[in-house]
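Welcome, and please take a moment to turn the structure around before reading on. We will walk through it together, one part at a time.

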Amino acid sequence: MGRPSKKEERTEEILLAFQRCVSRFGLEGSTLERIAEEAGLKRSLVRHFVGNRDELVAMLADRVIDQSNAQWDEFLAYMPPQHGCDYLLNGLFNEHHSDPAFVLVIESLIFAAGRDATLQKKMQNWMQHFSATVTAILRHDYPQAREQDIAAVSFGLVSLYFNLDSLSPLAMTDIYRVPARQAAEQLVRSLKSSQEAIE
């Protein structure tokens, strides 16, 4: 396999710089000037290699979604056949698996999706994939629980996960990591009660 072309290398450098800027300044605050400075390039070269801002945002979304899906698939590949919920909670709420900067980029893209139908569809598909997998893990561990209870707990876990890392700009993630994990555990335990009520 040949070496990446100069365009591929520059595009990757620009997207990495854009991602770092978005994690610090948000999508709106990540101007072409800031991106160019972060990438060590002239602004004209940023436009030359990646096009206009809309194209740049679309490329970033694709890159972040692909990266997120690859990390998630790798995480799931090691999930044990039993006690998947314990494994899931360890992954979602363990500081060693946390990447606040990445979550802030995801949240910036979600926020921007309200103004961009194409971006909205991409982020919807990504969120549905993530949520559906969480739901499937819960359903596997609690097969007799009511479907509406599983859906509610799944939403609660996903919400806690995103909310926790979104606090990183406030330097409060460490304060809330243990309570977030405890809240998640309580949600999962509620499925045992749901299952017993049916049995």
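How many aromatic pairs does the count come to? Keep that question in mind for a moment while we get our bearings. What you see is a predicted model, and its secondary structure comes to nine helices and zero strands. If you read along the sequence, you meet the pattern α-α-α-α-α-α-α-α-α. The C-alpha trace spans about 65 × 40 × 30 Å along its principal axes. Of the 199 residues in the protein, 40% are buried. Among contacts between residues at least 6 apart in sequence, 69% join residues at least 24 apart.

Now back to the rings. The count comes to eight aromatic pairs. One of them is formed by W126 and F162, and it is edge-to-face, with 5.8 Å centre to centre and 65° between the planes. Because W126 lies in helix α7 and F162 in helix α8, this pair ties together parts that are 36 residues apart in sequence. Are these two residues buried or exposed? W126 has a relative accessible area of 5%, so it is buried. F162 counts as buried too, at 10% relative accessibility.

A second pair to look for is F130 with Y161, which is tilted: 5.9 Å centre to centre, with 45° between the planes. Here F130 lies in helix α7 and Y161 in helix α8, so the pair ties together parts that are 31 residues apart in sequence. Both F130 and Y161 are buried. If you follow the ring pairs further, you will find that they link W72, F75, Y87, W126, F130, Y161 and F162 into a cluster.

Some of these names come back when we turn to the pockets. The largest pocket has a volume of about 460 Å³. It is lined by 19 residues, and the closest to its centre are S68, Q71, W72, H97 and Y161. What kinds of residue make up this lining? They divide into eleven nonpolar, six polar and two charged. Several helices take part: α4 (53-77), α5 (84-93), α6 (100-112), α7 (117-141) and α8 (147-166) each supply at least two residues of the lining. The largest share, six residues, comes from α4.

Let us pause at one residue of that lining, S68. S68 is found in helix α4. With a relative accessible area of 10%, under the 20% limit, S68 is therefore buried. Which residues is S68 in contact with, leaving aside its neighbours within four places in sequence? They are F102 and W126, and W126 is the residue we met in the edge-to-face pair with F162.

From the pocket we can move on to the nonpolar core. The largest one has 55 residues, and those with the most contacts inside it are L60, L109, L138 and L157. Helix α4 gives the most to this core, with eight residues. To see how such a residue is surrounded, try L157: not counting residues up to four places away in sequence, it touches L88, L89, F93, V134, L138, A184, L187 and V188.

Next, look at helix α2 (residues 32-39), where you will find A39. A39 has a relative accessibility of 18%, so it counts as buried. Leaving aside neighbours within four places in sequence, A39 is in contact with E13, I14 and A17. For a sense of distance, compare A39 with I106: they are 67 residues apart in sequence and 20 Å apart in space, C-alpha to C-alpha.

We finish in the loops. Most residues other than glycine have a negative phi. Where does H83 lie? H83 lies in the loop between α4 and α5, and it has a positive phi of about 60° although it is not a glycine. H83 has a relative accessible area of 55%, so it is exposed. A171 is found in the loop between α8 and α9 (173-198). A171 has a positive phi of about 55°, again without being a glycine. At 67% relative accessibility, A171 counts as exposed.

Technical notes. Residues are numbered from 1 along each chain as its sequence is written. This is a predicted model: local features need pLDDT of at least 70, side-chain atom pairs count only at pLDDT 80 or more; totals for chains, interfaces and linings use all residues. Side-chain values use heavy atoms; hydrogens and water are left out. On a 1 Å grid over the protein atoms alone, a cavity is a set of points where a 1.4 Å probe fits but cannot get out, and a pocket is an open set with protein on both sides within 12 Å along at least five of seven lines; lining residues have an atom within 4 Å of a point. Grid points are joined across faces, edges and corners, and a volume is the space filled by probe spheres set on the points. Helices (H or I, at least four residues) and strands (E, at least two) are DSSP runs, numbered from the N terminus. Ala, Val, Leu, Ile, Met, Phe, Trp, Tyr, Cys and Pro count as nonpolar, Asp, Glu, Lys and Arg as charged, and the others, Gly among them, as polar. A nonpolar core is a set of buried Ala, Val, Leu, Ile, Met, Phe, Trp, Tyr and Cys residues joined through side-chain atoms within 4.5 Å. Buried means under 20% relative accessible area, exposed over 50%, partly exposed in between (1.4 Å probe, protein chains only). Contact means heavy atoms within 4.5 Å. Rings of Phe, Tyr and Trp (its six-membered ring) pair if their centres lie within 6.5 Å; planes under 30 degrees apart count as stacked, over 60 as edge-to-face and the rest as tilted.
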